[in-house]
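Hi,

Here is the structure I promised to send over. Have a look at it first, and then read my notes underneath.

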Amino acid sequence: MKPNITTTLLVLSILFFGSFRLSAQSSREYSLRQLVEAAKKNNRMLTIKDYQVQEKMSKLKEDEIKRYPTATLDGSYQYNFTLPDFVIPAGTLGSVPTGNGTTQPLPATDSKFRVGEKGMYAVGFGIYQPLTQQFKINTGLAIDKTDIQLGQKEKEKATLQVELAIEQLYYAAMITQKQTESAGAKLEMTKAKLQDAEGTLAAGKTTVANISGLRAGVAYEKQHILKLSMQLQDYLSDLSELTNLDAGTLKLSEIEPDSTALQPVDVYKRAAEKNPEIAIARLNREKASLGIKAASESNLPDLGIIAGYNLQHGNPILPGSSPYVGLSLRWNLQDLFSNRQVKNQRMFQLKQAEESVAYIRQQVTSGIDKAWRKVKQSDVLIETAKKLVSYRSDALKEEQDKQVAGMDIKTTLLARKSELAEAEAELYTAKLSNLLALAELRNLTGGK
């Protein structure tokens with residue numbers, strides 16, 4: 001019986017996607033670009049990063065308000081069940097002579113006055129405009145702006161990581177599919193050998209041991225295909241998690257051609273300054289410098305202008321209304337000593353940030369060297385794999401010509417087909433490895 005390749009591939013496809021229990025009509029094919037766009041739109045980690053940036057923007061607006069006058073409004077009401085008496089003893093104010101030669105004390109008798117009213121209220125409105133604190137406030141705003149840039153770079157970094165993860169999973173899934181086709185060809189060849197061996201066993205031309213070995217080979221190939229199927233499902237599940245797409249309907253379309261030419265390695269190293277990790281390290285260094293500046297500005301006294309208006313009723317001693325204006329000074333002298341240590345701490349933070357910039361730049365440069373070598377190595381593998389595919393194609397053609405002439409052996413023809421499928425899988429793997437290495441280069445250079 002001649003092997004039907006179309007039927008074989010159909011059976012394998014059912015095996016791969018059988019666990020999803022969905023028909024082909026309900027599935028949708030996604031290209032690599034579509035998967036990346038879906039992740040940018042649906043990935044929850046990227047959404048969290050976006051909210052973090054918005055949170056930092058709101059913090060900047062909050063701190064900007066501190067530059068302007070602080071207005072306070074306060075009021076109180078008090079009901080007194082008993083009121084104090086104000087007593088002026090007789091003669092407290094002195095005395096005056098009378099016409100009959102005596103003196104009259106002032107007041108003549110003890111005078112008692114009730115102070116205030118039982119119901120008392122007071123309302124006050126005040127404004128404070130900081131002066132010397134404007135320096136520290138402006139430095140704080142600069143730190144807030146740096147935090148916003150850090151949040152944006154963190155999101156950019158996370159986006160690149162998600163893109164690279166999707167590309168890795170996508171290429172791995174496509175390689176697995178190709179490997180499955182190769183394994184299917186091997187299975188057909190092993191089955192044909194087993195069938196021939198069972199026929200020769202009946203004629204006494206082979207041994208039971210040979211039959212057992214071939215049966216084990218068939219079982220092994222089936223197991224290998226099953227493992228590849230499970231691996232493919234894992235890749236699709238991971239892609240579903242990154243893109244928030246339904247794994248049951250997720251199907252990968254063929255790889256889009258990539259005409260990106262490999263540039264000299266120095267070009268990528270220069271472009272690495274756009275790498276978000278390096279940018280984050282530089283921003284942390286800038287933030288540490290601003291922290292040192294803020295620590296120095298904390299030594300300044302808090303000097304500001306105050307103004308306001310008070311209104312009260314019920315206390316006859318105090319004025320009913322009183323506007324005021326003046327200066328306010330507060331200076332915690334202990335800060336002069338503690339801020340010195342704060343400044344030292346931030347100096348060490350700055351040194352850490354500077355070392356971090358150098359370390360990350362070194363790591364990125366090393367990663368570019370490795371990825372660039374991978375591209376060059378995969379180029380060599382592609383050329384050798386092409387030659388092997390050409391040789392295997394020629395060998396298969398020879399067997400097919402023998403088939404036309406009636407001189408072919410079925411197992412030999414299947415062996416040549418299996419060898420060609422394996423060579424094509426190796427070529428496919430080399431091409432995808434090349435694309436993945438280029439994707440790593442793009443990731444290291446900030447996606448450029």
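Below is what I found, going through one strand residue, one helix and one sheet.

Before anything else, keep in mind that this is a predicted model.

Let's start with Glu29, which sits in strand β1 (residues 28-30). Its relative accessibility is 44%, so Glu29 counts as partly exposed. Beyond its neighbours within four places in sequence, Glu29 makes contact with Gln34, Lys251 and Ser253. Lys251 is 222 residues away along the chain, yet the C-alpha atoms of Glu29 and Lys251 are separated by just 4.6 Å.

Next, helix α3 (residues 44-64). With 21 residues at 1.5 Å a residue, α3 should span 30 Å, and its end C-alpha atoms are 31 Å apart, which agrees. Its buried residues are Leu46, Lys49, Val53, Leu60 and Asp63. Viewed down the axis of α3, these fall within an arc of 100°, so they line one face of the helix. The face turned away from that buried side carries the exposed residues Arg44, Tyr51, Glu55 and Lys61. At the N-terminal end, Asn43 acts as the cap of α3: one of its side-chain oxygens lies 3.0 Å from the backbone nitrogen of Met45.

Finally, the sheet. It is open and has 4 strands, in the order β2-β7-β9-β10, with antiparallel pairing. β2 (70-79) and β10 (321-330) are at the edges with a single partner strand each, so one side of each has no neighbour in the sheet. On average, neighbouring strands here are turned by 20° against each other, ignoring direction. β2 and β7 (residues 119-130) are joined by 10 bridges, and Ala71 stands opposite Ile127 in β7.

Cheers

Terms used: Residues numbered from 1 in each chain as written. Predicted model: local features only at pLDDT ≥ 70, side-chain atom pairs only at ≥ 80, totals over all residues. Heavy atoms only, no water. Helix = DSSP H or I, 4+ residues; strand = E, 2+ residues; numbered from the N terminus. Buried < 20%, exposed > 50% of the residue type's maximum accessible area, 1.4 Å probe, protein only. Contact = heavy atoms within 4.5 Å. Expected span 1.5 Å × (residues − 1). Arc of directions from axis to C-beta. Polar contact = N/O pair within 3.5 Å; in protein donor to acceptor, adjacent residues only side chain to side chain. Pairing = 2+ DSSP bridges. Axes fitted to C-alpha atoms, helices over the stretch in contact; angles between N-to-C directions.
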